[in-house]
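Take a look at the sequence and the 3D structure, and keep both open while you read. We'll go through a few spots together.

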Amino acid sequence: LQGIFVLGLPYALLHSGYSGLLLIVLAAALCCYTGKILIACLYEENEDGQLIRVRDTYEDIANACCKKLSPSLGGVVVNVTQVVELIMTCILYLVASGNLLSHSFPYVPVTEKTWSVIAFVTLLPCIFIRTLKIVSKLSQLCSLVHFVIIFVVITYCLTQIHQWSWEKFRLSLEFEDFLVSVGVIIFSYTSQIFLPTLEGNMKNPGEFRCMLNWTHFFACILKTTFALTAFLTWGEKTKEVITDNLPSFLETLVNLCLLTKALLSYPLPFFAATEIVYSCVSKDNHSNYRSPLLGLTVRGSFLMLTLLMAMFTPHFALLMGLSGSVTGAAMTFLLPSLFHLKLKWKKLSFLEKCADISVFILGFLCSLAGIVCSIKGLLEVFG
């Protein structure tokens, strides 16, 4: 999903101008910060002052914060939010795959939905994925394809360096266009859903903060370079997905790479969503949790759900924007800052409390603005 958002960064610069460059840096810093405070909520100090990991998941953190109201209320809210976001992400990959195949082979008399079904068939082996190790291998291949796409686009842009002009940047901004840019830029960094599992599976969890700093730093540099070179190349002609600006032979190549990336990206949110369901089932009946038949049933159901929604949900992009404004902002900004304040209030300095409160307010405003824009778009579409 981040790869798809990255391709929209030059278009975001078109509508945000110089402030867009600042936003790319600010979003990296904020998402890195909320990732750190989320992981901090997994730990408590023992009698000797040593940090001990007493929680394992986002759900455990939520339950710890809401235990006075209800022992499981927080976990239910977080799990539902996570599953909705993950399922919507999987559906987006299917819709994007159909769109990319349709654009790559325009002369084949096949509808976009039929292409989505063809892409779905290649994803059927996901029903047999049972470990994170397989998902990590696919994610490595996905990252490799992502770098190929970025390399091709930047290389072409550098061949057009004689056309570059800083005068193409806008100083005046339209509020709604700016909000679109904020959404694209911020959600190109989101990964909080996967962080507790990632940190728990690291050989040296103590290196997590350092890893998060470096990955967000390099992501910021890469995204800034990519967005800047592409926008300086095409200026006002920059399209929503930058690959549409490329010459036809390069566009087809990059679209096929994007298709590969979308298909390789699907297993991660799919696996995460099914694991959440498994963990919920295991609390009630541990023996069923290990049942191979139950596993196949859950994964098969999830696969069919993503296909049916991709095929029959009208105006999915607008619905994705609406759900993303709620679930994305909640999981990335609202809940990490709220949970950190709740669990660590007595140990936080004044500046740390101010930082958490500021992130919460910013996340709330981003979510509210995204909801308003998405609802407005839906109302316009449905008349």
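In this predicted model, E44 and R55 make a salt bridge, and their closest N and O atoms sit 3.0 Å apart. E44 belongs to strand β1 (residues 43-45), while R55 is in the loop between β2 (51-53) and α4, so this pair ties together parts that are 11 residues apart in sequence. R55 is buried, with a relative accessible area of 11%.

E44 has another partner too: its side chain meets that of K344 in a salt bridge of 3.8 Å, N to O. Here the link spans a long stretch of chain: E44 is in β1 and K344 is in helix α15 (residues 316-344), so the two tie together parts that are 300 residues apart in sequence. K344 counts as buried, because its relative accessibility is 11% and the cut-off for buried is under 20%.

Why can such pairs form at all? Side chains of opposite charge can pair when their charged atoms come close.

How many salt bridges does the structure hold? There are 4. Another one joins R53 to D56, with the closest N and O atoms 3.0 Å apart. Both of these residues are partly exposed: R53 has a relative accessibility of 26%, and D56 has 47%. As for E44, R55 and K344, salt bridges that share partners join them into one network.

Here are three of the bridges side by side:

| Pair | N to O distance |
|---|---|
| E44 and R55 | 3.0 Å |
| E44 and K344 | 3.8 Å |
| R53 and D56 | 3.0 Å |

Now for a helix. Is α2 mostly enclosed or mostly open? In helix α2 (residues 9-16), 7 of the 8 residues are buried, so the helix is largely enclosed by the rest of the structure. The buried ones are L9, P10, A12, L13, L14, H15 and S16. Right after α2 comes G17, which has a positive phi, near 60 degrees.

Next up is L21, which you'll find in helix α3 (residues 18-40). L21 is buried, with a relative accessible area of 17%. Which residues does L21 touch, if you skip its neighbours within four places in sequence? The contacts are L13, F169, T224 and L228. One of these, L13, is also among the buried residues of α2. There's a long-range pairing here as well: the C-alpha atoms of L21 and A227 are 8.7 Å apart, although the two residues are 206 residues apart along the chain.

Let's move to the surface. K67, K68, K342 and K346 form a positive patch there. You can find K68 in the loop between α4 (58-65) and α5 (73-104). K68 counts as exposed, because its relative accessibility is 77% and the cut-off for exposed is over 50%.

There's a nonpolar patch on the surface as well. Which residues form that patch? They are I357, I361, F364, L365, L368 and V372, and together they have about 540 Å² of accessible area. I361 is part of helix α16 (residues 350-381). At 44% relative accessibility, I361 counts as partly exposed. When you look at a helix like this, a general rule is handy. An α-helix has 3.6 residues a turn, so residues three or four places apart point the same way.

Technical notes:
Residues numbered from 1 in each chain as written. Predicted model: local features only at pLDDT ≥ 70, side-chain atom pairs only at ≥ 80, totals over all residues. Heavy atoms only, no water. Helix = DSSP H or I, 4+ residues; strand = E, 2+ residues; numbered from the N terminus. Buried < 20%, exposed > 50% of the residue type's maximum accessible area, 1.4 Å probe, protein only. Contact = heavy atoms within 4.5 Å. Patch = residues over 30% accessible without salt bridge, like charges linked within 9 Å, V, L, I, M, F, W, Y side chains within 5 Å. Areas by Shrake-Rupley, 256 points an atom, 1.4 Å probe, with all protein chains shown as cover. Lys, Arg positive; Asp, Glu negative; His and termini not counted. Charge placed at Lys NZ, Arg CZ, Asp CG, Glu CD.
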